[in-house]
Amino acid sequence: MDTCSANDLTGKLLRPEILALTAYHVTDASGLIKLDAMENPYPWPEGLTTEWLESLRHCPINRYPDPEAKAVTAIIRQLNKLPDDTPVLLGNGSDEIIQILLMALKPGSTVLAPEPTFVMYRQISQSLGLNYHAVPLQADNFALDLTKTLEAISRFQPGIIFLAYPNNPSGNLFADDSIHAIIKAAPGLVVLDEAYSPFAGASFINALPDYNNLLIMRTVSKLGLAGLRLGYLAGPRSIVEQLNKIRLPYNINSLTQISVEFALKHSVIFEQQASAICAERTRVSRHLASLTGITPYPSSANFILFKTPRGKAPEIFQAIKEQGVLIKNLASQNGLLADCLRVTIGTPDENSQFLNGLEKTLTY
Ligand SMILES: *Cc1c(COP(=O)(O)O)cnc(C)c1O
């Protein structure tokens, strides 16, 4: 079949919203210091790696995994201080949980989220043919615009509202009272995406019993296990039970179940790594603030969004990359991000290389 008739075929077969999508692009980081994807930069102590590999030795990979992933769910409940009977849905990353939530909505539903925020909310909504409505955050500080959000809720009656807490890519925590007002006004579900909870020192997990439409979503990715792909969602039984029906039965593979269970039994290591990352966040942020033309935004996550002189973001991004450090260029997203770059906090040495690279770029 030639290319032309293949295109005719996709046009005939596929939903137009899929043809209109752009694939999620991940830049190749080969040979570069990788400060673009909010990964934990720290390896495990040698002895722990040996112990982990030993725990995998007896994994029966000829068998299907435990469809309920009971052991890893138990330790997730314990570490997140969720009562034993709290319903928890596991996903192949929280990305899959977002997909499960959106697949469950009625056709024609509206999904509402602030803008800018995590791009997968929009991407997956569009791929499923749902309406996506974005409410702009406030220009100077990326705070929620409560009035506009409540207006949009009343007008569009969203089936789901996503709030990333802290927000990606801005790094800030939205005001608690705004979030409570949104949960109360919402006619549907409100998902608080706490992907960055290890660095945030704030959470809505204690508010779960107070609402029948609140769900808390978290992931082990930013903690330091991004390669294992495990996210989780906690919330009212009536909702989580329904979502579980459309979860594919074996979505969490055996190696992930064993590895996450093992890692979380040693969670003190991740806590130490997270506090090292938070200390570096303070240092990097202060350094950025001292540079002429650079404005860092306050962050409660493991990354910092910063503004560069008008129109300069693409060339600064490129110059830093040429010096061996990959960060994230958000300038092409326009709007509030027009002149913005985002750096993930790495090891002290990696951060210094980034800061040196940036400084050199600014002096030329
Ligand atoms: C990184 C990120 C996720 C994705 O997490 P995975 O569990 O790796 O799929 C979800 N939400 C936000 C806000 C993120 O920044």
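## Surface and overall fold

The accessible surface of the protein comes to about 17600 Å², and carbon and sulfur atoms hold 53% of that area. These values, like those that follow, were computed from a predicted model. Of the 364 residues in the protein, 49% are buried, and the secondary structure consists of 15 helices and 13 strands.

The C-alpha atoms fill a box of roughly 60 × 60 × 55 Å when the box is taken along the principal axes. The radius of gyration of the protein is 21 Å, which agrees with the value near 21 Å that a compact globule of 364 residues would have. When contacts with a separation of 6 or more are considered, 71% of them join residues that lie 24 or more positions apart.

## The ligand and its shell

Around the ligand stand 13 residues, of which Asp193, Tyr196, Thr219, Ser221 and Lys222 come nearest. By residue class, this shell divides into four nonpolar, five polar and four charged residues.

Several side chains place polar atoms at short distances from ligand atoms of the kinds named here. A polar side-chain atom of Asp193, one of the residues that come nearest, lies 2.5 Å from a nitrogen atom of the ligand. On the oxygen side, a polar side-chain atom of Asn168 lies 2.9 Å from an oxygen atom of the ligand, while for Arg229 the corresponding distance from a polar side-chain atom to a ligand oxygen atom is 2.7 Å. Taken alone, the ligand exposes 390 Å², and the protein buries 93% of that area. The elements giving two or more residues to the shell are α5 (94-104) and α10 (221-225).

## Helix α4 and its surroundings

Helix α4 spans residues 70-79, and within this helix Val72, Thr73, Ile75, Ile76 and Arg77 are buried. In an α-helix there are 3.6 residues a turn, so residues three or four places apart point the same way. The buried residues of α4 thus include Val72 and Ile76, as well as Thr73 and Arg77.

The cover over these buried residues includes contributions from strands and a helix, among them β2 (88-91), β8 (231-234) and α12 (254-265). Just after α4, the backbone at Lys81 takes a positive phi of about 55°.

How values were computed: Residues are numbered from 1 along each chain as its sequence is written. This is a predicted model: local features need pLDDT of at least 70, side-chain atom pairs count only at pLDDT 80 or more; totals for chains, interfaces and linings use all residues. Side-chain values use heavy atoms; hydrogens and water are left out. A residue is near a molecule or strand if one of its heavy atoms lies within 4 Å of it. A polar contact is a pair of N or O atoms within 3.5 Å; within protein, one must be able to donate a hydrogen and the other to accept it, and residues adjacent in sequence count only if both atoms are side-chain atoms. Accessible areas come from the Shrake-Rupley method with a 1.4 Å probe; for residues, only the protein chains shown count as cover. Helices (H or I, at least four residues) and strands (E, at least two) are DSSP runs, numbered from the N terminus. Ala, Val, Leu, Ile, Met, Phe, Trp, Tyr, Cys and Pro count as nonpolar, Asp, Glu, Lys and Arg as charged, and the others, Gly among them, as polar. Buried means under 20% relative accessible area, exposed over 50%, partly exposed in between (1.4 Å probe, protein chains only). Contact means heavy atoms within 4.5 Å. The radius of gyration is taken over C-alpha atoms; the globule rule is 2.2 Å times the number of residues to the power 0.38.
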